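Biologist: Let us go through the terms one by one. I will ask, and you set each value against its definition.

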Amino acid sequence: MVTHIITTTVTYKDHIYQLIVKVEDDAKGAVPYVVSSDDTGTERNTFELTKDVYSYAGKLPGSTDVRIYVVANKDVWNDGAGLTDVSGGYETELTERDGSIATTKIWGATLTESDYDIVVDTNRNGEWNTGEPIDNEVDVGFTAVPEFTTIAIPVAAVLGFVFLMSRRSRHSRRRN
Ligand SMILES: [Ca+2]
Ligand SMILES: [Ca+2]
Ligand SMILES: [Ca+2]
């Protein structure tokens with residue numbers, strides 16, 4: 001919560017009055033945001049390639065069409081940066097009256113292994129503009145990684161090989 005004090009003077013019937021107006025502003029709540037999530041709206045930042053990517057957003061202009069882009073990760077964003085969607089096209093969503101967007105699928109499997117950001121193009125000009133939310137402006141918005149089985153098979157093979165080697169060396173020791 002941020003408190004603004006506005007002071008002004010008013011002259012009325014030869015008297016000077018000082019008016020002090022105190023305005024309380026929930027500044028934190030006013031910052032627009034977009035968050036990567038699963039289909040239940042739980043924040044998620046790592047997705048297996050076979051999973052769908054969802055996001056939710058808030059504090060956007062109410063009852064307004066906006067575009068949601070999935071783009072290659074960048075950690076330095078400059079006003080006017082062009083947006084190239086990697087998910088087969090951006091989504092156009094109508095915000096609720098309170099400026100929120102409910103959990104929405106933004107990329108259906110199969111994903112491509114890499115790091116990504118999510119950008120809400122509020123003014124629909126195909127560019128990121130100051131004030132438009134990014135997940136994540138200074139970090140990775142979300143990461144797409146190979147499924148468990150893809151990495152589990154090589155790991156299992158290495159473990160099996162180590163096991164065989166240890167048996168062989170024990171075997172040869174016994175023979176000596
Ligand atoms: Ca980023
Ligand atoms: Ca824009
Ligand atoms: Ca995220």
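Modeller: Val-70 lies in strand β6. A strand here is a DSSP run of E with at least two residues, a helix is a run of H or I with at least four, and both are numbered from the N terminus. The model is predicted, so local features need pLDDT of at least 70 and side-chain atom pairs count only at pLDDT 80 or more, while totals for chains, interfaces and linings use all residues. Residues are numbered from 1 along each chain as its sequence is written, and chains are lettered from A and ligands numbered from 1 in the order in which they are written.

Biologist: Why is Val-70 called buried?

Modeller: Count C-beta atoms, placed from the backbone: 20 or more others within 10 Å of a residue's own make it buried, 12 or fewer make it exposed, and anything in between is partly exposed. Val-70 has 27 others within 10 Å, so Val-70 is buried.

Biologist: Which residues is Val-70 in contact with, leaving aside its neighbours within four places in sequence?

Modeller: Two residues are in contact if their C-beta atoms, placed from the backbone, lie within 7 Å. For Val-70 the list includes Val-53, Ile-106, Trp-107 and Ile-118. Tyr-90 is 20 residues away from Val-70 in sequence, yet their C-alpha atoms are 7.1 Å apart.

Biologist: What makes a set of residues a nonpolar core?

Modeller: The members must be buried Ala, Val, Leu, Ile, Met, Phe, Trp, Tyr or Cys, joined through C-beta atoms within 7 Å. The largest such core here has 24 residues. Val-53, Val-70 and Ile-118 have the most contacts inside it. β3, β5, β6 (65-72), β9, β10 (114-121) and β13 (142-145) each supply at least two of its residues. The largest share, five residues, comes from β6.

Biologist: What does Val-53 touch, not counting residues up to four places away?

Modeller: Val-53 touches Ser-36, Phe-47, Val-70, Ile-106, Trp-107, Leu-111 and Phe-142.

Biologist: Which side chains of β13 are buried, and which are not?

Modeller: They alternate. Phe-142 and Ala-144 point to one face and are buried. Thr-143 and Val-145 point to the other face and are not.

Biologist: How do you know that β10 and β13 pair?

Modeller: Two strands pair if DSSP finds at least two bridges between them. β10 and β13 are joined by three bridges and run antiparallel. Ser-114 has Ala-144 in β13 as its bridge partner. Strand β4 (residues 46-48) is also joined to β13 by three bridges, but these two run parallel. There, Glu-48 has Val-145 as its partner.

Biologist: What are the two ways in which strands of a sheet pair?

Modeller: Parallel or antiparallel, through backbone hydrogen bonds.

Biologist: What makes β3 and β9 edge strands?

Modeller: Each of them pairs on one side only. They belong to an open sheet of three strands, in the order β3-β5-β9 with antiparallel pairing. β3 and β5 (residues 53-58) pair over five bridges. One of the facing pairs is Val-34 with Ala-57. Four bridges join β5 to β9, where Ala-57 stands opposite Ile-101.

Biologist: Why is Thr-7 called exposed?

Modeller: Thr-7 has 8 other C-beta atoms within 10 Å, so Thr-7 counts as exposed. Thr-7 lies in strand β1 (residues 2-12). Beyond its neighbours within four places in sequence, Thr-7 is in contact with Gln-18 and Ile-20.

Biologist: Why is Lys-59 called partly exposed, and Lys-13 exposed?

Modeller: Lys-59 has 17 other C-beta atoms within 10 Å, so Lys-59 falls in the partly exposed class. Lys-13 has 5, so Lys-13 is exposed. Lys-59 is in the loop between β5 and β6, and Lys-13 is in the loop between β1 and β2 (15-25). Neither is a glycine, yet phi is positive: near 65 degrees for Lys-59 and about 50 degrees for Lys-13.

Biologist: Where are cis peptide bonds found?

Modeller: One joins Ala-109 and Thr-110, with omega about 15 degrees. Thr-110 sits in the loop between β9 and β10. Another runs from Asp-135 to Asn-136, with omega near 5 degrees.

Biologist: How many helices and strands does the protein chain have?

Modeller: One helix and 13 strands. Of the 176 residues in the chain, 20% are buried.
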